[in-house]
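Please open the model in your viewer and keep the sequence panel beside it. The tour below goes from one selection to the next and says what can be found at each stop.

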Amino acid sequence: MATRNRTLLFRKYRNSLRSVRAPLSSSSLTGTRSGVGPVIEMASTSLLNPNRSYAPVSTTEDPGNSSAITVGLPPAWVDVSEEISVNIQRARTKMAELGKAHAKALMPSFGDGKEDQHNIESLTQEITFLLKKSEKQLQRLSAAGPSEDSNVRKNVQRSLATDLQLLSMELRKKQSTYLKRLRQQKEDGVDLEMNLSRNRYRPDEDDFGDMLNENQMSKIKKSEEVSVEREKEIQQVVESVNDLAQIMKDLSTLVIDQGTIVDRIDYNIENVGTTVEDGLKQLQKAERTQRHGGMVKCASVLVILCFIMLLLLILKEIFV
Amino acid sequence: MVLVTSVRDYINRMLQDISGMKVLILDSETVSNVSIVYSQSELLQKEVFLVEMIDSISVSKESMSHLKAVYFIRPTSENIQKLRYQLAHPRFGEYHLFFSNLLKDTQIHILADSDEQEVVQQVQEYYADFVAGDPYHFTLNMASNHLYMIPAVVDPSGLQRFSDRVVDGIAAVFLALKRRPVIRYQRTSDTAKRIAQETAKLMYQHESALFDFRRTESSPLLLVIDRRDDPVTPLLNQWTYQAMVHELIGLQDNKVDLKAIGSLPKDQQVVSFLQCHVLLVGNLYLIHLFSWQEVVLSSEQDAFFKSNMYENFGDIGMNIKRMVDDFQQVAKSNQNIQTVEDMARFVDNYPEYKKMQGNVSKHVTLVTEMSKLVEARKLMMVSQTEQDLACNGGQGAAYEAVTNLLNNESVSDIDRLRLVMLYALRYEKENPVQLMQLFNKLASRSPKYKPGLVQFLLKQAGVEKRTGDLFGNRDLLNIARNMARGLKGVENVYTQHQPLLFQTMESITRGRLRDVDYPFVGDHFQQGRPQEVVIFMVGGTTYEESRSVALQNATNSGIRFILGGSAVLNSKRFLKDLEEAQRISRSGSHMV
């Protein structure tokens with residue numbers, strides 16, 4: 001695809017025009033803008049000039065041939081958004097570590113693997129904690145009022161929410177695959193042991209009594225251990241499903257459904273103005289229908305009738 | 001595909017080298033160009049956290065210097081003026097200006113003059129100056145489309161503006177494709193000739209260096225034709241999905257606005273087997289939500305739409321039923337959660353499920369609404385007569401059929417008008433008495449009918465003005481072909497019409513496009529067949545024609561066709577353009 005760069009020509013014109021304009025003072029530039037926060041004044045001849053100085057310029061000085069540019073600091077919520085993205089990045093690196101730890105734990109090893117388990121647990125907990133913290137901070141980004149700044153905030157919120165959701169789903173997938181593989185390994189191990197124990201005790205089958213009881217006892221113990229482990233794993237799965245469901249519920253209001261109308265740029269531009277209008281119209285309509293509603297009329301008619309009847313009753317009493 | 005990809009590439013390039021939080025500023029035309037190929041979530045990924053229109057941005061006074069402004073606008077004089085003001089009072093930290101077409105030196109000078117604070121970092125021309133709705137179809141979305149019908153003497157400046165915009169759009173398409181074409185035009189159309197000549201001047205003289213691309217073995221062909229050579233296609237009712245949605249409801253930038261049709265009376269009987277399914281599948285409560293909303297119909301993002309957009313109404317119904325059945329299965333299995341694993345699986349699959357639910361509801365709503373309209377306007381009956389008028393012979397039978405429908409109370413005004421127009425286009429010279437009778441009957445039956453509109457149409461697009469053999473009755477070969485088709489019988493009475501464009505494409509494929517009818521501009525010449533052809537239809541294209549192009553491209557004949565127009569027409573829009581042109585011509589002749 002073809003493009004054409006007109007920046008050189010533009011700069012040429014700009015420079016030549018600047019030299020024409022330079023003798024005129026440009027002191028009207030400062031103080032015309034209402035920044036949203038503290039401002040830093042910079043004195044520079046041109047943004048392209050590498051020898052800029054950052055000395056503050058007061059308006060009483062004669063600017064000479066320098067023009068002052070005010071650069072406002074970004075609003076406070078930008079810090080919050082940056083914190084969230086830093087947390088998300090940290091969570092991502094931890095997820096990579098977790099993947100490695102999972103792989104290591106699944107490899108057959110001589111130790112009892114308790115250290116690996118501990119490592120995995122702590123990593124998982126850290127990641128979940130980071131995700132939860134980010135999600136809470138995300139709620140702080142919500143703003144009220146249909147200003148431009150609130151639109152930016154809402155969009156930043158949406159973008160971070162999408163990242164968070166993807167991360168939590170990735171975590172979930174990693175966990176489930178790890179647990180599945182672990183379970184498979186344990187089953188194979190237990191089956192193997194079961195088979196071995198069965199083979200060992202087969203020649204002594206004729207010997208009822210203590211031997212078999214012992215055999216049965218060890219079998220029962222093994223199956224107990226297995227079930228205890230299974231329960232623990234199920235507990236873990238339930239917890240993580242809960243956490244994940246919670247996060248997804250909160251995020252689902254923020255994340256955009258791709259391919260739908262809300263994912264269209266033109267819809268988002270138009271909608272900023274019209275939803276407020278529509279809401280107002282609906283309210284007015286509701287008010288009107290309530291006032292002119294048939295219900296109100298019926299009720300008032302009935303009340304009036306009641307009064308009339310009461311009056312008639314009283315009159316009847318008086319005249320009889 | 002290539003046009004959509006080019007626009008996306010342009011936008012990607014605009015955004016990728018600028019770091020930090022950005023605001024994207026568009027004008028009323030580029031917002032369509034961008035929205036149709038790029039989604040809001042993709043913009044968010046590129047750190048564009050605000051999208052504004054250039055009109056509304058000067059109103060606000062908030063200064064947001066932590067944002068960098070990326071402008072993507074057309075280089076019109078209005079936009080340049082607005083930009084002047086905004087550069088003189090900058091609200092953002094940096095300004096990156098991208099224009100969708102060629103800038104004049106004077107415009108750059110004006111901008112440089114207003115950039116006192118030197119906030120502009122770059123000024124570029126990125127030629128995404130068209131709306132790439134479908135892989136082989138683009139449009140320019142021109143509001144004053146009717147100007148092409150007005151002779152130059154009546155409104156010279158209007159025609160110049162029209163021509164300029166079209167030339168800009170065509171130039172942008174070829175710059176995006178990085179090709180310089182050989183140009184041919186339809187001889188009988190002055191507007192087409194003018195546009196072809198001005199495009200040639202731009203590409204070969206004024207900006208010759210810019211268009212000097214690497215030459216391939218065969219140059220592509222640009223063919224500029226006129227809508228008035230085939231006035232029948234926009235008047236016909238459509239029965240394939242995309243075309244039908246545009247005809248009955250309206251498709252704008254791949255969006256359907258369902259709010260417009262919500263006003264049908266509630267006691268209309270609806271004949272649709274899908275309704276039964278709606279009641280059965282409890283999860284589809286979303287159907288009611290959609291009736292007051294807008295939905296997106298894009299072949300890029302919706303796989304079901306992509307495989308069904310060119311299918312006819314009956315087949316769509318069956319495919320939707322299948323989709324609903326599949327969805328019902330998934331919904332049932334989701335409700336059957338017994339174990340912890342099921343729960344986990346449900347949570348994992350929930351986004352997919354939600355998306356599927358939304359998609360199913362969207363299509364069911366659309367087809368339901370269209371069924372209602374078909375029933376209310378008796379379109380099956382009307383369309384059968386329309387197709388007969390367009391494709392088969394028999395003046396006497398046609399006259400009777402049209403008269404009957406005109407007398408029928410439940411046929412709407414616009415349908416009556418269309419029938420008379422189709423009859424008039426076909427039997428313009430046969431039996432003028434009966435033709436006159438039809439005009440009178442139409443005028444008496446339809447109070448809102450602007451008198452003389454049909455005659456105006458005949459003046460614009462009558463048999464003398466047309467080049468192509470619209471009804472296949474000009475030369476013996478075509479007559480024979482028609483008779484053979486009549487004897488064979490048609491698969492589907494409602495989709496038997498082939499737009500004239502189909503024949504034009506066939507001629508090009510066989511290398512037999514007649515020089516007499518479609519001459520070359522200046523001293524251009526082309527030996528043999530081109531491999532890429534861009535057909536631009538002055539006055540607008542229709543979705544029936546874009547379907548024809550897509551199907552032709554699918555046959556892999558060795559030639560790739562791309563179709564473009566100044567607008568995308570349905571019968572309502574075509575009639576509106578006719579009325580507008582008639583009004584201007586009348587007032588013009590009064591002035592003379």
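## A sheet in chain B

Begin by selecting His137(B), whose bridge partner in strand E14(B) is Leu563(B). This is a predicted model, and the pair just selected belongs to a connection in which three bridges join strand E7 (residues 137–139) of chain B to strand E14 (residues 560–565) of chain B, the two strands running parallel. In general, the strands of a sheet pair through backbone hydrogen bonds, either parallel or antiparallel.

Next, widen the selection to the whole sheet of chain B, an open one in which six strands follow the order E6-E7-E14-E13-E9-E8, with mixed pairing. At its edges stand strand E6 (131–134) and strand E8 (182–185) of chain B, each of which has a single partner strand, so one side of each is left without a neighbour in the sheet. If you turn the view, you can follow how neighbouring strands of this sheet are turned against each other by 25° on average, direction ignored.

## Helices against the strands

Now add helix H7 (residues 190–206) of chain B, which packs on the sheet and touches E8, strand E9 (221–226) and strand E13 (532–538) of chain B. The direction of H7(B) makes about 165° with that of E8(B).

Which residues of helix H21 (residues 500–509) of chain B are buried? Select Leu500(B), Leu501(B), Thr504(B), Met505(B), Ile508(B) and Thr509(B), and you have the buried residues of this helix. An α-helix has 3.6 residues a turn, so residues three or four places apart point the same way. The buried residues of H21(B) pack against E9, E13, helix H22 (543–554) and E14 of chain B, while just beyond the helix comes Gly511(B), whose phi is positive, near 70°.

## Where chain A meets chain B

Finally, show both chains and select the interface, where 62 residues of chain A are in contact with 74 residues of chain B. The area buried between the two chains is about 6200 Å², and carbon and sulfur atoms give 58% of it.

Seven salt bridges are found across the interface of chain A and chain B, including one in which the side chains of Arg18(A) and Glu118(B) meet at 2.8 Å, N to O. Between the two chains, 18 residue pairs are in polar contact. To see which parts of chain A face its partner, colour the elements that each supply at least two residues of the touching side, among them helix H1 (7–21), helix H2 (77–106) and helix H4 (148–201) of chain A. The largest share of that side, 11 residues, comes from H4(A).

Methods
Residues are numbered from 1 along each chain as its sequence is written. Chains are lettered from A and ligands numbered from 1 in the order in which they are written. This is a predicted model: local features need pLDDT of at least 70, side-chain atom pairs count only at pLDDT 80 or more; totals for chains, interfaces and linings use all residues. Side-chain values use heavy atoms; hydrogens and water are left out. Two strands pair if DSSP finds at least two bridges between them. Helices (H or I, at least four residues) and strands (E, at least two) are DSSP runs, numbered from the N terminus. Axes are lines fitted to C-alpha atoms, for helices over the stretch in contact, and angles run from 0 to 180 degrees between N-to-C directions. Contact means heavy atoms within 4.5 Å. Buried means under 20% relative accessible area, exposed over 50%, partly exposed in between (1.4 Å probe, protein chains only). Buried area is the accessible area (1.4 Å probe) that two parts lose on being put together, summed over both. A salt bridge is a side-chain nitrogen of Lys or Arg within 4 Å of a carboxyl oxygen of Asp or Glu. A polar contact is a pair of N or O atoms within 3.5 Å; within protein, one must be able to donate a hydrogen and the other to accept it, and residues adjacent in sequence count only if both atoms are side-chain atoms.
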